[in-house]
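Student: I'd like to learn how to read a protein model from start to finish. Can we go through one together?
Tutor: Sure, let's bring it up and take it feature by feature.

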Amino acid sequence: MPNTDGYTLRWRSYQIAWVITVCLLYGSCLSPEQKDEKIARQYCSNCHTFPEASLLPKAIWKTSVMPQMAFRMGRDLSTLNTLSSADRTEVMTILPPQSMVTEEEWQSIQRYYEKNAPDSLTFPQDKKQIALTLPGFQAEAIRVGSFPLHTFLDFDAGDHRIFLGSRLNKLYALNDQFQVQDSTTLTSPPSMLFREPDGSLTILLMGIMDPNDQAAGKLARMDGKTKAITTLIDSLKRPVHMARADLDRDGKEDYVICAFGNFTGNLLAFRNKGNGTYERRTLVNLPGARKTIIRDFDGNGLPDIMALMSQGDERIILLLNQGRFDFRVTTLLTFPPLYGSSYFDLKDFNGDGNLDILYTNGDNADYSMTLKPYHGVHVFLNTGNNEFKEWWFYNMHGASEAVAEDFDNDGDIDIAAVSFFPRFEAHAEEGFIYFKNTGTDYEPFATPLAKDGRWLRINADDVDRDGDKDILLTALDFNNGIPTDLLTTWKEKPVSVLLLRNTATMK
């Protein structure tokens, strides 16, 4: 008789493989919990990095984040009724024509997050205690105008002028003693400026500072003598940052603008065609562009663009210049959509000749307002070929911006950071933290004077001309979630700028 054992075994193997294939394709072998997770991962990673349930407490997932997900996935469009007609028109262009998920799939997504999210978040127990002293600095509180609602500060080392922008559409020019020399009323709040050789100012105007999707922002040039303002580029959605370089090597400077927007927005480049005209190019058609750095990252002689994208699809990307305004996008780092990415910069932290990434995340004003253990200041080391790995992290609640310099002149890089969302009830002084490099770690320091404002921006400049970098904090004292007694103090003794004068070179 023929031996059929081998045939039988092969047939059974085929049967088992077929069953496994069916299970994988249709999920028929998955438990109900596994099916929920599979559906959640399928739909919640389409537009951004998958947000693990552990990132937020159950209550916030249910009452705040899920309604927003339902809106963006086309299940519940009632949010449109809360928008202005101008915003509504723009937002409707990005909504799906019909729900992206069935009722059953939506229930699965909700069950996954409800079952797997914690009741509350846990925080690291080994966090270094912050010393309430500030070695190497002398603090000085400065008032400019009335109640501080300042959007940026810029120090002109050439003629030692300081420019201070305001949410109230004002631009102040100060001397290096912080005395107001001039003030100008603009058409909208400024977010940034460039000083031109002829004395004029190129100013980025937000249009509307609060979250919106209206293309009301613009780039303008203000004459240094007459103060006459000429529009260079218009129709920008809440622009927050600009950079410029000759991107196509034609001898004319082009602009890269972060149109942050809200539900909509984009990262834009404007090719300088001469005669005051610019050709608009969309580099990334998503909201949340926060900052760019332009330099030749790949050594091909053309300026490339590194950019921080927030507002959902949070990541740091590199746009490699291929010539003729053609850019190849590479993603360097990705973050979950709840991270609240707020700022980045480049610095060689370990002295290996490669530029590393200094990154802050702490935007806490949207749909998940709670203290988060992953908010803070990060350093990602460049391991070569623009590949990055996290090397250092400090949990700083609400971190909004940071600078890295050798502040104490000891040969290594220190870090200073501000927070727009610190623990105001218990530790408002943590709105500013100075991290001194000890050679093996960073020791955190603060000053009680940091309680005197809500710090949005931070600068490092040699204000007193003694050869070292001083630190300047700029206040925008928004009243949302501020304890009454603290707000009263801010109103009675308003502080626009906190100058931390570096004493490293003083005898």
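Student: How many helices and strands does the protein chain have?
Tutor: Keep in mind that this is a predicted model. The protein chain has 7 helices and 28 strands.

Student: How do I read a sheet? Which strands form the open sheet, and in what order?
Tutor: Look for strands that pair, then go across them one by one. Here 4 strands line up as β22-β23-β24-β25, with antiparallel pairing, and the sheet is open. Its edge strands are β22 (399–405) and β25 (442–445), each pairing on one side only. From one strand to the next, the twist averages 20°.

Student: What does the pairing of β24 and β25 look like?
Tutor: Strand β24, residues 432–437, runs antiparallel to β25, and 4 bridges link the pair. Zoom in on Asn437: across from it, in β25, stands Tyr442.

Student: Now the whole chain. Why does a radius of gyration of 26 Å agree with a compact globule?
Tutor: You compare it with what the chain length suggests. For 507 residues, a compact globule would come out near 23 Å, so the 26 Å of the protein chain agrees. Along the principal axes, the C-alpha atoms fill a box of roughly 105 × 55 × 50 Å.

Student: And what share of the residues is buried?
Tutor: Here, buried means under 20% relative accessible area. In the protein chain, 52% of the 507 residues count as buried. The chain exposes about 23,600 Å², and carbon and sulfur atoms supply 49% of that.

Methods: Residues numbered from 1 in each chain as written. Predicted model: local features only at pLDDT ≥ 70, side-chain atom pairs only at ≥ 80, totals over all residues. Heavy atoms only, no water. Pairing = 2+ DSSP bridges. Helix = DSSP H or I, 4+ residues; strand = E, 2+ residues; numbered from the N terminus. Axes fitted to C-alpha atoms, helices over the stretch in contact; angles between N-to-C directions. Rg over C-alpha atoms; globule rule 2.2 N^0.38 Å. Buried < 20%, exposed > 50% of the residue type's maximum accessible area, 1.4 Å probe, protein only. Areas by Shrake-Rupley, 256 points an atom, 1.4 Å probe, with all protein chains shown as cover.
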